[in-house]
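Student: Please pick one part of this model and take me through it closely. I would like to see how the rest of the chain fits around it.

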Amino acid sequence: MLQVTLRSCFCVMVNAIKGLLISCDIPMAQFIIYLDNSLPTSQKFIIHILDSTHLFVQPHVSEMIRSAIAEFRDQNSYEKPS
């Protein structure tokens with residue numbers, strides 16, 4: 001006796017992207033989005049804006065983002081006159 005069992009299989013291809021998850025407050029996220037928007041299309045680094053405080057970006061831009069934030073903070077820091 002020959003027994004045949006048919007099973008349906010639902011296969012999905014998964015696309016994985018390596019990236020860096022940034023968790024920050026809303027003003028900092030807006031600053032990072034501004035940085036991304038100020039670059040030409042070929043140099044944009046934000047992969048996905050997850051919500052108002054989480055961004056998924058390309059991993060190679062972490063140091064560039066850190067230095068841009070440091071420069072922004074230096075320019076916007078108040079120093080009491082002596």
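Tutor: Let's start with a definition: two strands pair if DSSP finds at least two bridges between them. The strands themselves are DSSP runs of E with at least two residues, while helices are runs of H or I with at least four, and both are numbered from the N terminus. Please keep in mind that this is a predicted model, where local features need pLDDT of at least 70, side-chain atom pairs count only at pLDDT 80 or more, and totals for chains, interfaces and linings use all residues. Residues are numbered from 1 along each chain as its sequence is written, and side-chain values use heavy atoms, leaving out hydrogens and water.

The part I have picked is the hairpin that joins β2 to β3 through two residues. It sits in a protein with two helices and three strands, in the order β-α-β-β-α along the sequence. β2 and β3 run antiparallel, with four bridges between them. On its other pairing, β3 is joined to β1 by four bridges, and those two strands are antiparallel as well. H54 of β3 takes part in both pairings: H54 is the bridge partner of D51 and also of S23.

Now look at the faces of β3. In a regular strand, side chains alternate between the two faces of the sheet. In β3, L55 and V57 form the covered face, and H54 and F56 the uncovered one.

In the loop between β2 and β3 you will find S52. Its relative accessibility is 42%, so S52 counts as partly exposed (buried is under 20% relative accessible area, exposed over 50%, and partly exposed in between, using a 1.4 Å probe and protein chains only). Setting aside neighbours within four places in sequence, S52 is in contact with I26 and A29, where contact means heavy atoms within 4.5 Å. The C-alpha atoms of S52 and M28 are 9.8 Å apart, with their positions 24 residues apart in sequence.

That brings us to α1. The 12 residues of α1 (residues 26–37) should span 16 Å at 1.5 Å a residue, and the end C-alpha atoms are indeed 16 Å apart; the expected span is 1.5 Å times one less than the number of residues. At the start of α1, a side-chain oxygen of D25 comes within 3.1 Å of the backbone nitrogen of M28. The buried residues of α1 are M28, A29, F31, I32, I33, L35 and D36, and they pack against both hairpin strands, β2 (46–51) and β3 (54–57), as well as β1 (20–23) and α2 (62–75).

The hairpin strands also meet the segment before β1, where I17 lies. I17 is exposed, with a relative accessible area of 55%. Not counting residues up to four places away in sequence, I17 touches I47 and F56. I17 and V57 are 40 residues apart along the chain, and their C-alpha atoms are separated by 9.9 Å.

Finally, here is the wider setting. Among contacts between residues at least 6 apart in sequence, 55% join residues at least 24 apart. Buried residues make up 21% of the 82 residues in the protein.

How values were computed: Polar contact = N/O pair within 3.5 Å; in protein donor to acceptor, adjacent residues only side chain to side chain.
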